[in-house]
Each structure stands twice: as C-alpha cells, then as structure tokens.
Amino acid sequence: MQIKQQTMTEFMSQFGSVFFNKAAETLQPTFIPGNESAKIWENVVDATPKKRNPFPGQRTLIAAVAAHLYGKDKRAIILSADMGTGKTLMAALLAALGSQLRRPQRVICMVPPHLVAKWGREIQITIPEANVHIINDAGSIGRLHKAALENPDAPKTTEFWIVGRVRARMSFMRKSGVAAHHDSSFLELAGAKARNRNHRCPDCGGAIVKPLTEKEVEKLPADQRLQLIRISGDDQDQDLETGNCSYAIYPNAEYFTKGRKTCDWTYSKDGLQKGCGAPLWQATRRAKSDTDDLIRKALVAVDGIGETRARTVLSMESRDQIISGLASGEIHPDLAAVLGESATAKASNHIQQHGFSGVDGNYAISEFIKRKLPKHWFDISVFDELHELDGDDTAQGVAMGVIAGCTKKIVGLTGTLVDGYAGSLFPLLFRINPRQMLRMGFKAGDAAIFQREKGVIKEISVEYSEDEFKQSKGKKKSYRQTKNLPGLHPTVITDFLLPNTVFIELQDMEEGLQNLGRKHDMDIRLLPSYRETYISVQQREEQKNRMRQFTTRMVSIIKDAKMDKDRRTMARALHTLLYAVDGCFEDIQFGNVLLRSDNPGELLEKEKIMVEMALRERAAGRKLLIYSIYTDHPDLLTRYNSILAEAGLSSRVMRSSVPTHKREEWLQKALEDNIDVMLCNQEIVKTGLDMYEFPTILYMQTGYSSNTILQSSKRSWRIGQVNPVRTYFASYADSPQMTVMKLVAKKLAVANQAKGNIAETSLTHLIDDDDGNSLMAMANEILDSLRERDHDPIVGSISSLSEDSLTGEYGATPMSAIARLLKLDMQEKHPQQAKKPAERKSVDPMDILSVVFATANQNSKKEHVEKPKKAANTTKRIGNSILVDDPFDLF
C-alpha cells in the first residue's frame, strides 16, 4: 500500500466538498432558499400587510426566521445582521407575520435610549394599523398596568411597546437596613482603647465587619487604621475564604448605602465568624421632590426648552400629558404654546433623534412585567443591540433576562454578536435559550467554565523565592494566572449559534437588484469595493534603539507590579508603554524611566504618512477620516490637527463633548466649511452616523474592542456610497503596538468566522500560525474551498504609501442609473402607465431601492422556478442562507 503525504490545505482542497456535504446532511437545515418549503414562507412574507417592502435579502431572512419561530415553533432567534441591513424593519415584519399566521401579537422592544422614538417611527411607517406605545417615562408603569387590566387577552391588532434599556432596569432606591450601636469592646491594634460605633445585623445581631487585605490596609487613612481589628489565632482558618485577609474593620454608615450588602462576616469576643447572609439594605421610594427634579433635568436637556420653561411645564395641570407625549415622540399642544414655533421645532427634532426619558426610579419595568402582568401577556420580546447586554451580572443584562423569561418568543438584534471570546457569548445564549444550555450541562453563571471548554485559555504558573533575612531559608511563593484568549471551538457555531442565529451581511442585499440589472443587460453594483490595508510603519533607527531599551525597563516594572498585585501601577505602566511610540515627539517619563525623543519638534514616521495620505486623498477629491484613541490625557488629536493645518489642510476635531443627538448637525456644518479631514475617537461615531463623505479612513491607533472596529471601520461603506472605500490600519513595527494589533487581528478573525465569513482582512497575516485550534483551522479550510469570493475585501500590507496600489477598486452604480433601470422595467410591465406624465418630486434614494427590490422579488421567484436545482449550491453559504435546527433534536 502506498502512503501519500499531503498538507492540510491540499487535503481540504481535494476532499473539502465531501466533508461539507456530509456536515450539511447531518445538520438538516430548516430553511434552504429556493426549495418549495422556502417559497411557502416567502409567500407568507409577501402576503403580510406592510407599508414598505423588504429587500430580497431581508425577505429571505424574514422567511427563514418565520420558519424557525413559527414553523418549528422554536422560542428564540438572534438576527446577526450588519449595520445598515434594516434590523428594525425585519423585526417589525416578523411580529406582523406572526399576526398573519396566528393572532395579533403583542411585542415589547428593549432598545438603546436614544433610539426609542426612532423605533416608534420606523414601526409606524412599516406596519399598517399597528399600535405603538412608548413606555420610557415616569408614567409608563401606570399606562402599562391600565392596558393590562383593560385588555388581559390577545390584542385586537399588532401592538408594540417600546422601552429604553436604561428605563427597563431602573428600580427603587436603596438605603441602609442597619443602625449604628455603641460597643464597649476594645480595639486591638497598637493597644488602642476607645469606644466604637458598629452596625449589627438585624437577623443574627452580630457586629458587621469588613475583612481587609494588607494592600487595602495600606490605602486607609491614618485615623481609620486605629480602628483595625487584627485577625489572629483561629481566625487564620478563615484566610482562604476572605482572600488572605489579615485585618477587619467596622464599616461606617456610608458603606451600607452602596450596593446590596449582606451579613457576610461578624466579629465578637470569639473572633471573626461567618455571617448569616441576611440583607443589610431596604428599599425606599423617591420623594415627589426627587421625581420632579429628575423630570426637570430631562426637560432642560431637550433643545428649545431650557430651565425657565421646564419649571413652567412642571407647574402646569397638563404636565403628565406633556411628559407622556414627549416620551412618545410628540409635542403636546400646551407645551407648544409655551415654547413658540421656533423652540417647538427644536424640541421636536431633539426627541425624534434622541428620545425623552424622565424616569422616577421607583419600580423597574422589567420587574413589573414579571410580577404584575399575566404570564405571556407579551408574545414577543425584541432586544436591539444585543451584544451590549452580554454582561453576566449587569442591571441591563438582568433586565433582559427577566423580560425574555416572560414572553413566548425572543428576537435578538445585533451587528456584532461575537467579540472574539466564548465567555462573552455565554450570558446571551443562556438568556436566549436556557433550556438548551441546561441540557448541555451549563448553569447560570458558568461563563468561566464555558470559556474554558468552548474557548481558548492560557494558564500561567509562576513560582519564585522571597528572601527573608530573619530565616536561613527563603520563602517560596507562587501564583497561577488564567488568561482568556480570542477563539471559538467549532461546536460553539454548530451547537449554539446555528440553531439560534441567522446571519446576513450588507453585500447580500444587492443580489435582487443585480438580477434585475442582468435582465436589462446592465451591470448593477449596489455597493462599491472595500479595501483594507495594513501599514507597517518603520521607526527611525535611533528611536528604535531607545524604544527597545524603554520597553525592556517598562516590562520589568509591569511584571513587578503584577507579582505585587498592584493593578493601578500595572495599568498606568502599560498605558504609558503603548502610548510611548506615538508620543515620543517629546520626552516620556514613568517614575525613574525616561524615553528621550531623538529629534524633538520633527514629525514622527506615522504622522508623515498621515499628512501624505491626507494630501493624496484631497488631490483625488476624497475626504479623510482619522481615528485616534488618545483624545484627552494624552491628547494626540490636537497635535494631529495642528500638523494637518501646517500642511495646508482644512481639518476639524469632533470631541465626545458634542452631544450624541447633535453630532449629525455638527458633521453637516463641518462639511459646509469644506473640510478635508475629520479627526475623532472611533467610539463616538461607531453607531448612529453615516460618514458617506469620508470614503477613506485611517486608524492611527485601534484600541482593543473588536466590536468598535467592526462598526467604525465601515462608517462610509453603506448603501448609497458610490466611491470605493479604503480603510487603513497604521502601527509601528517592532513596538508594543504590535501586541495589540495581533490581539485585534485574532478577535476580528474569530468574530468573522462565527458568522461564516472567513475572508482575509488586512490584519490576517499578523495572526500566529499556532494561534487558535486545529479544528477551527480545518473548518476554515473546508469553507475556503467552497465559499463565494465576489464580495471579499481587497486586502494588502504596505510600509509606505508609494507601495499602495489602488488597482481592483470599483464604484457603485449611481442612484440616477438605478432610477433609469426602474423606469425601463416599469415601461415593460405597465406601458399605459408609462405614457402618463410623471410628477416632478424629490425622491428618497432608499424609496427607490425599496421599489427596485420589490420588483426584483418577482423576478427572483421566476428564476427559482426556471433554474434547475443544484445540490452543491443549496447549502453553500452556511452563514447567510441556512438556518439549522437544534442538533439535539436529532437524538
């Protein structure tokens, strides 16, 4: 027998299709576009009454989710869709489709606070005869309770109840549940003798104490150190439970007002003892004056109202109606009379863009729904920006879990579901589908276990000797550190994501339009090309040597701080180390470690590239958007702005101090001033802004968040953009920045792999070959041999702009050409109507696209009938086209 050796790439290219087809057969997809079952659900989508028609990609996705939620009667689904794909419209149509299939559905939507009013508007212009209720103000619970009493059964028409996620979790205030008592016990440290005031548990009567470590003791003021209790003798048995604590202290009254404290430890003549665990807090309501103050502040925050008018509104008899109207996105006539025409317009524009929230904080809406409303009074719960609710024990995450548990169906919406770590997915998966997680052996709070079993971890064990001059033998100490790394086990995708998630990317939206274009011999592109380039910036040789020495000494400081568990010093040193290579235009000092600038006053190499790129883009008629994470202390944006001005470029800096609802207005004013470059932190523009005018983006630094990078890097790559989009990531080679870039590269790769997109990015080559696991590498090899590459980004790596080749770029079809295509198609279908003179009116490009895609839907149906079925293509795109049923139903 002859044995032939092959590499993994060669083996998968030869047999990958066999593995893929076998996997597809095992997974048994619920929905495959083009087959008879899929057409039935697509027809249901078409038959559902609506004011706006979905795009073909949206239509297919809605049909797939309907087959999952209603056809298979599953409980939950996550829509992982790129920004700009219309998640709001899809969620609204899903609810309306449920009304079409069964009975009218009652839906609660938990959304970001500034999108409450926008959600209301989107639903009203999408679903005919839908009742939309905004429950984001102080009177929300009252209206919700009244509606439940008047109509405890199914609604007569589709209902949407929209609440901001902050309002959903806001609850009653808390105050201390214990009182101070005099204790005649003597303090034991340094022989101090004094009478002490302590707090006793209302249940067991023990004197409450707070154990402290030696590090915590060192940070105490001198007067508080006199009140310390030394834990000695038998108390040392408790060290492991108290975190190696050596002291305890009687906390003051303020300690019990923060958080939900419990009776954990008590102290008596018998020493330190375990407490009974009873709550040491009690609920309290806000006084009416406190509520009025909250509402007044909320009114003042609205453009056009101000302090004086806010106080006038609070004194009016119709104040409750005015506040309720603002929360619903409307201006009450009484308020309009107070404001006047100009101020009313400003206030209306503010609440339409930013919403209004004047909460009382006396009862959480999530708790009210759980405790007071009938079970399943809400049929469907929708959670927008789901990835921001992934906290294991955050108030907003808990509120989501409470609301999800009270509804029949759950729909989660997000553009960046995976941040690279398995542990971050666990809270979302558990709240969405707890039965599946329990069936697989995971309990609530098992995020760390999930990360260990389904992610990638790195364990570090260090043992070192600490010399003690009082003893002849050194004392050995050791510590173990567990570090989470980016990475997912393939079973996370097959067992957890595919049964509960559908994926759609922005480029999937243009398929129907392209089919319509081919019918009329036109090449239509809805999106332009997207180019990603990594710039490896070389330091000056002398600066490189100094940076190497500085890095060595700073790493030593960080290691020492780590051993001493001095997190503050470690964080400050790490921040300084990462900043140094970008800030070495001047001397940088940390303690006794100094990094001198080799050429003070001269531009750094990365700054030279920034100027060169800005000048090149201006010459080509393109504007540049620059991101930097150093916007405060230190502030590099100000330096960059000055450098660009000296080069003759017009630039502007957007700060976080610009309110969220005014950033679009700020941007338009800057464009009116004909700026060439805009600078900002990527965090403030990652959501809510479309940067069409800036087709070129340069990251001077990236930060650590993969979610932020995924959202901010495509701010200008949107439907309606006609120019090729270019994104550049700049980093200094052979510097600590490379550690960050490698981490970001891995996180981005994992986030993309989770949704079936394994196309290379400009940072792919930075990932170590042995990073991750072999199973995921094997899965990628299989997909790579079968996937479509039409929309892969153009990627590359350069060290100077002279190496930057722009070949392969293409623009998108102008909206005027799309309008001509629409007119041509309409003439063929309705020749008599085409002869009628058309009314001249301004046309919204998105309205044009909506009609185009609606027309393309009909052509797509015909093509599905005419084209022969191809087994190889029916399951070709796992991420975007197939919804896989729960694999555990197979056994």
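**Buried residues and salt bridges**

Colleague: Which residues of H12 are buried?

Modeller: The model is predicted: local features need pLDDT of at least 70, side-chain atom pairs count only at pLDDT 80 or more, and totals for chains, interfaces and linings use all residues. Residues are numbered from 1 along each chain as its sequence is written, and side-chain values use heavy atoms, leaving out hydrogens and water. H12 spans residues 319-327, with helices (H or I, at least four residues) and strands (E, at least two) taken as DSSP runs numbered from the N terminus. Those under 20% relative accessible area (buried; exposed is over 50%, partly exposed in between, 1.4 Å probe, protein chains only) are Arg319, Ile322, Ile323, Ser324, Gly325, Leu326 and Ala327.

Colleague: Which side chain of opposite charge is nearest to lysine 50?

Modeller: Lysine 50 sits in the loop between helix H2 (36-47) and helix H3 (56-71). A polar atom of its side chain lies 2.8 Å from the backbone oxygen of valine 45 and one lies 3.1 Å from that of aspartate 46. Lysine 50 is buried without a salt bridge (a side-chain nitrogen of Lys or Arg within 4 Å of a carboxyl oxygen of Asp or Glu). Lys and Arg count as positive and Asp and Glu as negative, with His and the chain ends not counted; the nearest opposite side chain, 5.2 Å away, is aspartate 46.

Colleague: With which residue does lysine 39 form a salt bridge?

Modeller: Lysine 39 is buried, at 17% relative accessible area. Its partner is three residues apart from it in helix H2, about one helical turn. The closest N and O atoms are 3.8 Å apart, and the partner is glutamate 36.

Colleague: How far apart in sequence are the parts tied together by arginine 540 and glutamate 605?

Modeller: Arginine 540 and glutamate 605 form a salt bridge, with closest N and O atoms 3.4 Å apart. Arginine 540 lies in the loop between strand E20 (530-537) and helix H22 (541-563), and glutamate 605 in helix H24 (residues 605-619), so the pair ties together parts separated in sequence by 65 residues.

Colleague: Are aspartate 582 and lysine 606 buried or exposed?

Modeller: Aspartate 582 and lysine 606 form a salt bridge, the closest N and O atoms being 3.2 Å apart. The pair links distant parts of the chain, helix H23 (residues 567-583) and helix H24, 24 residues apart. Both aspartate 582 and lysine 606 are buried.

Colleague: How many salt bridges are found in the whole structure?

Modeller: Among the salt bridges, those sharing partners join Arg531, Arg616, Glu617, Arg622, Arg726, Asp804 and Glu809 into one network. For salt bridges, a search of the whole structure gives 30.

Note on methods:
A polar contact is a pair of N or O atoms within 3.5 Å; within protein, one must be able to donate a hydrogen and the other to accept it, and residues adjacent in sequence count only if both atoms are side-chain atoms.
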